[in-house]
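Please open the structure in your viewer and get your selection tool ready. We will go from stop to stop together, with something to select at each one.

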Amino acid sequence: MSSDLTRVEQELLARWPETRLEPSLGRIAALVDLLGNPHRAYPVVQVAGTNGKTTTARMVDELLRGFGLRVGRFTSPHLQSVRERIVLDGEPVSAERFVETYDDIAPYVRMVDAAGEHPMSFFEVTVGLAYALFAEAPVDVAVIEVGMGGTWDATNVVDARVAVVTPVAMDHSEYLGPDVPTIAGEKAGIIKRDAIAVLAHQQPGALDALVRRAVEVEAVVAREGTEFGVLDRKVAVGGQQLRLQGLGGEYADVYLPLFGAHQAQNAATALAAVEAFLGAGAATGPVDVETVRSAFAAVRSPGRLERVRTSPTVLVDAAHNPAGMAATVAAIRESFDFTRLVGVVGVVHGKDVEGMLRELETVCAELVVTQNGSPRAVPADELGALAVDVFGADRVSVSPRLPEALTEAIELAEAGPDDALGGSGVLVTGSVVTAGEARTVLGGRP
């Protein structure tokens, strides 16, 4: 089966990559129509936003399964295996099922390819595969993360019962727009008529765009800070202890094994989304508190400030824009007592690299610049020059291959004066690709 999976992966990778877009729902709509509209076979919770989408989707999945539902989850991009994108019953779909479903839909994909000006992209085919697989399973509910934007994203052929928008910030501006309100307007496209829109805390212009869309389609709106939110949180061993305000009431003593205020915000948003899906609100009271506690305690989010090694501590984080990096830096300051932190950074073209580096400069004593395996990777020497402008030449070294960069960073951390006290660490960040490759090198489980 490994050879069959390799064949499928090679066929998918031969298509337009996720970074090459021709904004249209025409191709995916044609495919799902040929497949008998599998995306209509189950209700959907859809998640858009700039940062926090994947983790929020994971939390929604965990909560819904806690309440006895069979859940399919689609997220992107993946860290190590394409099968991570399509999750059934809390686990990546098996290689056998992935291959079987792909082979089932492949003739219809070729029909769409032949009929259109452009062939279907990697992302579009993967979305169609997920929708078909979830219908075949079958699932009780699908949790669908938007790839990019919202209105014309391939996932958006669904009409979500609950539309979740995590915080909107600047990213992919070449496709989504020049400012946050414009980008929010694009992401607002997942809010459909008579849906429930669950909105995490937003910048003012973003919130206006999202609420305007909700009013246009007569959707119910639940906003963080008004209808739900984080009432209190305390740093705890391995994560944090939360008290959340949900749509149906308070949820105290919720342990979340993830770090940072942004993860508490994701938890509150996910809880509100699940309450909305289950029909809970002020009139019904909270859903079962013990179920909520158990689900949150079981949440994992690989590649999101994930500790993959100790002595020294090595953290892997997929932050890839300044807003995400700022959240990561704040979480490190709050949850880790590093006296010396060495950064390993690899980024891709099209990102605000200087903005990310300036965030990192406040917490990293030294920086090892590297290059990930993406075709869009910024060459290590080019990234090094940008890093020198921010950090200064004496704090930057260049190591083009990631395994060697990791070794160098670990050695630099171990050479710190306080390593015997456990005060040194390594942070690997800058891109989802960098995070995934680092997990593979360091033996992280997909």
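This tour starts with the two domains, crosses the contact between them and then visits some loops and a helix. Keep in mind as you look around that this is a predicted model.

**Stop 1: the two domains**

Start by giving each domain its own colour. Select residues 3-298 for domain 1 and 306-442 for domain 2, following the domain assignment of the protein. Taken over C-alpha atoms, their centres are 28 Å apart. Where they touch, domain 1 contributes 17 residues and domain 2 contributes 18 residues.

**Stop 2: the contact between the domains**

How much area do domain 1 and domain 2 bury between them? The value is about 1400 Å², with 56% of it on carbon and sulfur atoms. Now select L79, Q80 and F259 in domain 1: these residues lose the most area to domain 2, and together they make up 37% of what the domain 1 side buries.

Next, show the side chains of R233 and E334. They form a salt bridge, and the closest N and O atoms are 2.6 Å apart. Across the interface of the two domains, the rule finds one salt bridge. It also finds four residue pairs in polar contact there.

Stay on the domain 1 side and highlight β9 (229-236) and α9 (261-278), each of which supplies at least two residues to the side that touches domain 2. If you colour the residues of this side by type, you should get seven nonpolar, eight polar and two charged.

**Stop 3: A330 and a partner far along the chain**

Select helix α11, residues 322-335, and pick out A330 within this helix. Is A330 buried, partly exposed or exposed? A330 counts as partly exposed because its relative accessibility is 44%, between the 20% and 50% cut-offs. Then add A261 to your selection: A330 and A261 are 69 residues apart in sequence, while their C-alpha atoms are 8.0 Å apart in space.

**Stop 4: two cis peptide bonds**

Go to the loop between α5 (122-136) and β5 (141-145), where you will find P138. The peptide bond leading from A137 to P138 is cis, with omega near -15°.

For another cis bond, move to the loop between β12 (306-309) and β13 (313-316), which holds P312. Here the bond from S311 to P312 is cis, and omega is near -5°.

**Stop 5: positive phi in two loops**

Select N37 in the loop between α2 (26-34) and β1 (44-48). Its phi is near 55°, a positive value in a residue other than glycine. N37 has 30% relative accessibility and so counts as partly exposed.

Then jump to L305, in the loop between α10 (289-297) and β12. This residue, again not a glycine, has a positive phi near 45°. Is L305 buried or exposed? L305 counts as buried because its relative accessibility is 4%, under the 20% cut-off.

**Stop 6: helix α15**

Finish with helix α15, residues 432-441, and show its buried residues: V432, T434, A435, G436, A438 and R439. Which elements do the buried residues of α15 pack against? Display β12, β13, α14 (402-414) and β17 (424-429) to see these partners.

Now look at the two ends of the helix. S431 caps the N-terminal end of α15, with a side-chain oxygen 3.0 Å from the backbone nitrogen of V433. Just after α15 comes G443, with a positive phi of about 85°.

Note on methods:
Residues are numbered from 1 along each chain as its sequence is written. This is a predicted model: local features need pLDDT of at least 70, side-chain atom pairs count only at pLDDT 80 or more; totals for chains, interfaces and linings use all residues. Side-chain values use heavy atoms; hydrogens and water are left out. Domain bounds come from an automatic or database domain assignment. Contact means heavy atoms within 4.5 Å. Buried area is the accessible area (1.4 Å probe) that two parts lose on being put together, summed over both. A salt bridge is a side-chain nitrogen of Lys or Arg within 4 Å of a carboxyl oxygen of Asp or Glu. A polar contact is a pair of N or O atoms within 3.5 Å; within protein, one must be able to donate a hydrogen and the other to accept it, and residues adjacent in sequence count only if both atoms are side-chain atoms. Helices (H or I, at least four residues) and strands (E, at least two) are DSSP runs, numbered from the N terminus. Ala, Val, Leu, Ile, Met, Phe, Trp, Tyr, Cys and Pro count as nonpolar, Asp, Glu, Lys and Arg as charged, and the others, Gly among them, as polar. Buried means under 20% relative accessible area, exposed over 50%, partly exposed in between (1.4 Å probe, protein chains only).
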